[in-house]
Amino acid sequence: MRIKAIRTHCIVPGDSLEAVLDAYLPPLESEDILVLTSKILSVIQGRVVPKESLSKEELIHQEADYILKSSRLPGAHCLT
């Protein structure tokens with residue numbers, strides 16, 4: 001098995017996934033597997049939060065259904 005990363009331009013919200021794949025993806029052959037990161041899909045879909053708008057902890061609390069308290073996760077709090 002060979003794994004090959006494909007470099008692209010800096011993906012920004014609103015980019016077209018199809019256009020990015022057409023521009024950078026070499027022709028695929030039978031049995032090739034294409035893997036996309038969730039980060040690229042999130043950015044293209046505009047599902048990003050500017051760093052200045054919320055702290056990491058605030059965003060976690062806003063988006064999480066539950067947060068489990070753990071001694072290995074500094075600052076984690078138990079929510080019900």
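Biologist: What share of the contacts in the protein with a separation of 6 or more comes from residues 24 or more positions apart?

Modeller: Begin with what counts as a contact: heavy atoms within 4.5 Å. This is a predicted model, and in it residues 24 or more positions apart account for 30% of the contacts with a separation of 6 or more.

Biologist: Which elements does the protein have, and how many helices and strands are there?

Modeller: The protein has three helices and zero strands. Read from the N terminus, the order is α-α-α. H1 covers 17-24 and H2 covers 38-44, with a loop between them that includes Leu28.

Biologist: How much of the protein is buried?

Modeller: A residue is called buried when its relative accessible area is under 20%, and exposed when that value is over 50%. Of the 80 residues here, 9% are buried. The accessible surface of the protein is about 7600 Å², and carbon and sulfur atoms hold 56% of that surface.

Biologist: Take Val20 as a case. Is Val20 buried or exposed?

Modeller: Val20 is part of helix H1. Val20 counts as buried because its relative accessibility of 8% is under the 20% cut-off.

Biologist: Which residues does Val20 touch, not counting those up to four places away in sequence?

Modeller: With those set aside, Val20 touches Thr8, His9, Ile11, Asp15 and Leu25. For one of these, His9, there is also a C-alpha distance: His9 and Val20 are 11 residues apart in sequence and 8.6 Å apart in space.

Biologist: Now the segment before H1. Which end of the scale do Arg2 and Ala5 fall on, buried or exposed?

Modeller: Arg2 belongs to the segment before H1, and so does Ala5. Arg2 counts as exposed because its relative accessibility is 78%, over the 50% cut-off. Ala5 is exposed too, at 69% relative accessibility.

Biologist: How many residues lie along the chain between positions such as Arg2 and Asp32, and what is their C-alpha distance in space?

Modeller: Keep the two kinds of distance separate. Arg2 and Asp32 are 30 residues apart in sequence, and their C-alpha atoms are 9.9 Å apart in space. Ala5 and Val35 are also 30 residues apart in sequence, with 9.6 Å from C-alpha to C-alpha. For Ile3 and Leu34 the figures are 31 residues along the chain and 9.9 Å between C-alpha atoms.

Biologist: Where does Leu34 lie, and which residues does Leu34 contact beyond its neighbours within four places?

Modeller: Leu34 is in the loop between H1 and H2. Beyond those neighbours, Leu34 is in contact with Leu21 and Leu25. Leu34 counts as partly exposed because 37% relative accessibility falls between the two cut-offs.

Biologist: Which residues form the nonpolar patch on the surface?

Modeller: A residue enters a patch only with over 30% relative accessible area. The nonpolar patch consists of Leu28, Leu34, Leu36 and Leu41, and together they have about 300 Å² of accessible area. Leu28 is partly exposed, at 49% relative accessible area.

Biologist: What is the volume of the largest pocket, and which residues are closest to its centre?

Modeller: The largest pocket has a volume of about 800 Å³. It is lined by 24 residues, and those closest to its centre are Lys4, Ile6, Ile33, Leu34 and Val35. H1 gives the most to this lining, with four residues.

Biologist: One last feature, the backbone angle. What is phi of Glu31?

Modeller: Phi of Glu31 is near 75 degrees, which is a positive value in a residue other than glycine. Glu31 is in the loop between H1 and H2. Glu31 counts as exposed because its relative accessibility, 77%, is over the 50% cut-off.

Terms used:
Residues are numbered from 1 along each chain as its sequence is written. This is a predicted model: local features need pLDDT of at least 70, side-chain atom pairs count only at pLDDT 80 or more; totals for chains, interfaces and linings use all residues. Side-chain values use heavy atoms; hydrogens and water are left out. Helices (H or I, at least four residues) and strands (E, at least two) are DSSP runs, numbered from the N terminus. Buried means under 20% relative accessible area, exposed over 50%, partly exposed in between (1.4 Å probe, protein chains only). Accessible areas come from the Shrake-Rupley method with a 1.4 Å probe; for residues, only the protein chains shown count as cover. Patches are made of residues with over 30% relative accessible area and no salt bridge: like charges are joined within 9 Å, nonpolar side chains (Val, Leu, Ile, Met, Phe, Trp, Tyr) within 5 Å. A salt bridge is a side-chain nitrogen of Lys or Arg within 4 Å of a carboxyl oxygen of Asp or Glu. On a 1 Å grid over the protein atoms alone, a cavity is a set of points where a 1.4 Å probe fits but cannot get out, and a pocket is an open set with protein on both sides within 12 Å along at least five of seven lines; lining residues have an atom within 4 Å of a point. Grid points are joined across faces, edges and corners, and a volume is the space filled by probe spheres set on the points.
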